Every structure is written in structure tokens, then in C-alpha cells.
Amino acid sequence: MSVNTAMFRLWRRSNPVIIHLWKLHKTLQVQRTVCISSQNRFYLNNINRAENKVTVNQKTDWNKTMSEAEKIVGYPTSFLSLRWLLSDEIANVALHLRKLVGSNHPVLKTAKSIIYNGRNTQAFGLIVLLISKAAGHLNANPIEEDKAAGVLHSQRALAEITEMIRTSNLIHRGLVNINIDGSRESSELNNMTFGNKIALLCGDYLLSNTCTELAALKNQDLVFLISSAVRDLCQVEFVARRDHQNFPIPSVPSKDRTDYALKEWTLLNVYGAGSLLGKSCQGTLKLADHSKEIEEKGYEFGKHLALAWQASLDLGLCINKDKGILHNLCAAPIMFHVEHDPSILTELDKGLESVENVDYLKVLEIVAAGPGIGLTKELVKEQSQKAMEILNVFKESDARKALSNIIVAIGDF
């Protein structure tokens, strides 16, 4: 090392300005490295973004639509159930759920879908609040009115009740039928049994809270209406053929297959979701003292919206070749294909023991080659149009516009 170099380093260390500049130089070098690395990742991700452009845009549009709708009624729908989610009972359930991590019990998947609030769950309460605001209320006591959101406190309570019924039903459907035949290991059997207990007790807890909240509204007609929707949710479990885990399989059509698919699919999904959303929309208009005619319009709107929504979800499962289709072999495209060509039942019937025995990729390839996809798109359009026509009964407002946007978003595949 030369004397000049040594003196330069000594001077650099003792001079505060030089020290600052040197540190800045080092910082800029690090930032440049990070930027180059980020730029490389950006270029690599562009390929994936291009491939998934349609999916991402659809998700963004849906989330944006729901976010804008939530602002209209005061706060996010996910907060409707915050009070019971933070209760001691649910907190204890969450602790017990940790014991199931690593197992394959369906209750874990259900819990995840509820928490992450996906497209196929947890928006019924929002729709109830939007239809409440779109219709307005008559002869309401000022004390009962939530002026900021434009709805009644009783209507907000009904929206929460609807969410709790929907959630309890999803949790109860996560119960597993256990066949003790010696094929399961003791640890797996214990996990399944424990998971069933959690699903049963958690679903029952939410349902019992629903009864308490519903009774507090002190409206006998509303109690009868919502209880009939709960009855329908139970009755749907006895529609169509079922495997040993109670997943549905299309029924064998009669010789005259005219309208077989539409009738079977509509029956299954009116009981499964259309009744709850329709009667909740009808109930919220009843709380606002609207006429019987308007109440019926509310029911029809909720029913058609739920059917359009379900048909859209069915279509997505088939187009994306999602394995989740095994849990819904009565999806609209498959049902339409059974009506077109019942020979597909040869493959579907393999699921009578367990739907996992069905080669779902083979089924979806057969369906893709038939009229099922096209007929389901028409079904989504038809049900969406019916829901949109009913909206014209109500005056133009931001709530009506939000409902219209939701219908449009449902139809965007």
C-alpha cells in the first residue's frame, strides 16, 4: 500500500462529509442491485401475468364491485359477523381447529373460505342490505333508522342472521361420514371424529344464535319465512343421488328427458341457496312495511340472483377443470350433458361409492365437447336478465346501481 493511498483512507475516515457521501454511495449501490433484481422479476412475471390476465382482471372487477357496494351500506359485509367471530365460543373453536392442521378434514377448508371471503361465500348479507336501501322503508320509527346507511337496524340484523345461517350451513356440510372398516389409521380416525365434533358444535352455535337474533326482531311472519328457508337448506341434502359422503350425483333421467336438466338443477339450487337469499330479501322488505307485491318481487330477485350466481360458479369449475367439481357433479354443464347424452352416467356412476372414483378430467372433456357449456352460459344470462328486470321496480339509486353491477360481474366469466 502506497503512502498516498494510506493518507487518503485516513482522511476519508476522519472527514464527516466524505463519510456521508461514501455511505450514500454504498446505499445507492444496494438500491441499484435491488432495482435490477426487481426488474428481472418483473420481466419474468410478465409471462405469468399475460397467461393469467383474464383471471386477474375478473377477480379485480369482482372485488372492486363488491368493495364499492359495501361502501354504500356503511361497512364491509365481512364485519357483519365480527361480533360473533370475536366471541369466546368461536375463539375456543379456533384454538381446537389448530389441532386439525395437517389433517384432511373439510372443516379446515370451510374455515379458510369463510375467513378469506371468496367469491362463492359471504355476500348474502350485503345483497340483503343493498335491496333494503334500494327499496327504502315506509312508516319507520326514526329511532329504528340507521340514517348513515339508509337502512333499518332490524334490516341490518336480518342481514347478519342471513350470513350466520349461510355460514352454519357451510360448516355443517363439512361433516364427514366415517366408515369404521379398519382401513383408517387410529390417528386419522381420531382427527376425523374430532373435526366432526368441531363442525357440528360450531354450526349449531351459529344456528342457535340465529334463532335468538331472529326472535329478538319480534316479527312472527319473518320468523316463519326464515325458518322455512332453513328447512329448505336441510331438504336439499335429499335431492339427487348421493355418494357415501353425501355429495350429489345426477339422477337417472326418464325416457322423456325434456327439461330434465333445468328442473333438477333448479330444484337443487333453489333449496341450496335461492330460497335463503330470496326469502331474506323478501323478509327485509317486510320489515320496511312494503306491500305483498313488492315483497314477492324481493323474493324473485334473490332467487334469480342466487341461481345466476350458482350457474356462473358451476361454469367456472368446468371451464377451469377444477377438481372441486367432484363435490358438485350436479353442476349445470354436467346436468345439461346428461340430458343430451345419458351415456356419461357410466362414468358418473363410479362415484356412487365415492366421488373421488370419478375421472373428473374425462368427464369435463366429454362435457366440453357437448352443449353443456353453451347452455349454461345461456342459463346465467337468462337468470341475470330476470334479476335485472326486477330491479327496475325500484327507483334509481346508488344501491340499485350496485346490485346491477353485481349482476353484471356475475355474468363476466
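**Stop 1: helix 13 and helix 15**

Select helix 13 and helix 15 in this predicted model. They cross with a left-handed sense. Helix 13 covers residues 332-340, and helix 15 covers residues 360-368. Their axes lie 10 Å apart, at an angle of about 65 degrees. That angle makes helix 13 roughly perpendicular to helix 15.

Now show the side chains. Which residues of the two helices meet? On helix 13, pick P333, I334 and H337. On helix 15, pick V363, I366 and V367. I334 and H337 are both on the helix 13 side of this contact. As a general rule, an α-helix has 3.6 residues a turn, so residues three or four places apart point the same way.

**Stop 2: A261**

Keep H337 on screen and add A261. The C-alpha atoms of A261 and H337 are 8.2 Å apart, though 76 residues separate them in sequence. A261 belongs to helix 11. Is A261 buried or exposed? A261 is buried, because its relative accessibility is 1%, and the cut-off for buried is under 20%.

Next, display what A261 touches. Leaving out residues up to four places away in sequence, its contacts are M335, F336 and E339.

**Stop 3: helix 11 against helix 12**

Select the whole of helix 11, residues 260-287. Then add helix 12, residues 292-319. The axes of helix 11 and helix 12 are 7 Å apart, and the angle between them is about 140 degrees. Helix 11 and helix 12 are therefore oblique to each other. Their crossing is right-handed.

**Stop 4: D289, in the loop**

Zoom in on the loop between helix 11 and helix 12, and pick D289 there. D289 is not a glycine, yet its phi is positive, at about 65 degrees. Most residues other than glycine have a negative phi. D289 is partly exposed, with a relative accessible area of 44%.

What does D289 touch, not counting residues up to four places away in sequence? The answer is L138 and N139. Add A140 as well. D289 and A140 are 149 residues apart along the chain, but their C-alpha atoms are separated by 8.3 Å.

**Stop 5: along helix 12**

Go back to helix 12 and follow it from end to end. Its 28 residues should span 40 Å at 1.5 Å a residue. The C-alpha atoms at its ends are 41 Å apart, so the two values agree. Just past this helix, click K321. Helix 12 is followed by this residue, whose phi is positive, near 50 degrees.

**Stop 6: helix 7 on helix 12**

Leave helix 12 displayed and add helix 7, residues 124-135. The axes of helix 7 and helix 12 are 12 Å apart, and the packing angle is about 145 degrees. The crossing of helix 7 and helix 12 is right-handed. Show the residues that make the contact: F124, I127 and I131 from helix 7, with F301, L305 and W309 from helix 12.

**Stop 7: A240**

Select A240, in the loop that links helix 10 (220-235) to strand 3 (241-242). A240 has a positive phi of about 75 degrees, and it is not a glycine. Where does A240 stand on exposure: buried, partly exposed or exposed? A240 is partly exposed, because its relative accessible area is 22%, and buried means under 20%.

**Stop 8: T210**

Move to helix 9, residues 186-216, and select T210. T210 is buried, with a relative accessible area of 4%. Show I161, M164 and I165 around T210. T210 touches these three, when residues up to four places away in sequence are not counted.

**Last stop: the whole chain**

Zoom out and colour by secondary structure. The protein chain has 17 helices and 4 strands. Next, colour by burial. Of its 413 residues, 43% are buried.

Turn on the surface. The chain exposes about 22,500 Å², and carbon and sulfur atoms supply 56% of that area.

Finally, draw the contacts. Take those with a separation of 6 or more: 75% of them link residues 24 or more positions apart. You have already visited two distant pairs. A261 and H337 are 76 residues apart in sequence, and D289 and A140 are 149 residues apart.

Notes
Residues numbered from 1 in each chain as written. Predicted model: local features only at pLDDT ≥ 70, side-chain atom pairs only at ≥ 80, totals over all residues. Heavy atoms only, no water. Expected span 1.5 Å × (residues − 1). Buried < 20%, exposed > 50% of the residue type's maximum accessible area, 1.4 Å probe, protein only. Contact = heavy atoms within 4.5 Å. Areas by Shrake-Rupley, 256 points an atom, 1.4 Å probe, with all protein chains shown as cover. Axes fitted to C-alpha atoms, helices over the stretch in contact; angles between N-to-C directions. Parallel < 35°, antiparallel > 145°, perpendicular 65-115°, else oblique. Left-handed = near helix turned anticlockwise from the far one by under 90°.
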